[in-house]
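Biologist: I am new to this structure and would like to learn how to read it step by step. Could we begin with a single feature and work outwards from there?

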Amino acid sequence: LTPGQPTLVYVTIANHGPSDTLVLAIEGLPTTWIDTPNEMLSLDQGAQAVLPITITAPASPESRVREYPVTLRAYSIQNPAIAATTSARWRVRPFAASRLELAPRRARGQNQAGYVVRITNLGNRAARYTLDASDDEQVLAFAFAEPEVVVEPGKVVDVPLTAAPPQRIFGRPLRHTISVSASNPGEGTLTADGEFLQDPLVPIW
């Protein structure tokens with residue numbers, strides 16, 4: 001099962017008893033993943049029918065990467081004790097999705113500025129992110145509290161970041177444009193932009 005993509009499964013139900021109305025139940029998956037157009041089938045003795053079932057695992061952290069033991073059960077409306085079952089094992093595939101944020105977007109200071117880099121793992125398995133930062137003039141020194149982090153599915157990790165410029169004694173405030181990136185082998189590189197307004201020790205207007 002690929003999260004976010006419908007998977008069509010065909011189930012064949014045969015009635016080896018007298019004419020009856022049969023119901024198909026699927027156990028082992030969240031009910032919100034299952035779309036059965038017609039769960040009830042009226043079959044004459046010896047007849048059979050093919051029932052299409054659409055399974056859609058959502059593209060969200062709840063669709064964990066693992067095998068799901070599934071039981072498909074067809075039973076009689078008139079006599080629920082009469083039933084037939086079959087088993088299957090359906091595996092959810094991994095998918096990667098993330099969000100990168102920088103807060104505050106704008107910071108101000110003389111010797112340094114502090115930020116928080118927020119990484120949200122929107123995928124369905126743990127992901128490792130390598131952090132980096134740069135500025136447009138390549139004059140700032142950046143320091144992450146953790147340059148590499150592992151984020152579990154559906155979780156958020158905040159990493160403090162410090163940006164330090166060369167000291168300016170005189171002058172006007174200087175604006176630096178910064179870019180923060182988080183690289184994940186399964187997804188590529190995410191970026192978030194921000195600004196650092198550097199004040200001199202002695203402002204001149």
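Modeller: Let us start with a hairpin, keeping in mind that this is a predicted model. Strands E16 and E17 form a hairpin, with three residues between them.

Biologist: How many bridges join E16 to strand E17, and which way do the two strands run?

Modeller: Eleven bridges join E16 to E17, which covers residues 188–198, and the two strands run antiparallel. To see one place in this pairing, look at Ala182, which stands opposite Leu190 in E17.

Biologist: Which other strand is joined to E16, and by how many bridges?

Modeller: Strand E11, residues 127–135, is joined to E16 by six bridges, and here too the run is antiparallel. Thr130, for example, has Ser183 in E16 as its bridge partner.

Biologist: How should I think about the side chains along such a strand?

Modeller: The general idea is that in a regular strand the side chains alternate between the two faces of the sheet. For individual residues, however, it is better to look at the accessibility of each one. Asn184, which lies in strand E16, has a relative accessible area of 9% and is therefore buried, since the cut-off for that word is under 20%.

Biologist: What does Asn184 touch, if residues up to four places away in sequence are not counted?

Modeller: Asn184 touches Ala96, Ser98, Ala127, Arg128 and Tyr129.

Biologist: Is Arg175, elsewhere in E16, buried, partly exposed or exposed?

Modeller: Arg175 is found in strand E16, which covers residues 174–184, and at 48% relative accessibility it counts as partly exposed. Leaving aside neighbours within four places in sequence, Arg175 is in contact with Glu195, Phe196 and Leu197. Arg175 and Leu197 are a useful pair for separating sequence from space, as they are 22 residues apart along the chain but 4.5 Å apart from C-alpha to C-alpha.

Biologist: What is the strand order in the open sheet that contains E1?

Modeller: That open sheet has three strands in the order E1-E5-E3, with antiparallel pairing. Strand E1 (7–14) and strand E3 (34–35) stand at the edges, and because each has a single partner strand, one side of each is left without a neighbour in the sheet. E3 is joined to strand E5, residues 48–55, by two bridges, and Ile34 has Ile55 in E5 as its bridge partner.

Biologist: Which backbone details outside the strands deserve a look?

Modeller: One is the peptide bond from Ala103 to Pro104, which is cis, with omega near -5°; Pro104 is found in the loop between strand E8 (98–103) and strand E9 (106–109). Another is Gln138, which has a positive phi of about 55° although it is not a glycine. Gln138 lies in the loop between E11 and strand E12 (141–144), and at 71% relative accessibility it counts as exposed.

Biologist: How many helices and strands does the chain have, and what radius of gyration?

Modeller: The chain has zero helices and 18 strands. Its radius of gyration is 28 Å, whereas a compact globule of 205 residues would have one near 17 Å. The C-alpha atoms fill a box of roughly 95 × 25 × 20 Å along the principal axes, and 37% of the 205 residues count as buried. Among contacts with a separation of 6 or more, 66% come from residues 24 or more positions apart.

Key
Residues numbered from 1 in each chain as written. Predicted model: local features only at pLDDT ≥ 70, side-chain atom pairs only at ≥ 80, totals over all residues. Heavy atoms only, no water. Pairing = 2+ DSSP bridges. Helix = DSSP H or I, 4+ residues; strand = E, 2+ residues; numbered from the N terminus. Rg over C-alpha atoms; globule rule 2.2 N^0.38 Å. Buried < 20%, exposed > 50% of the residue type's maximum accessible area, 1.4 Å probe, protein only. Contact = heavy atoms within 4.5 Å.
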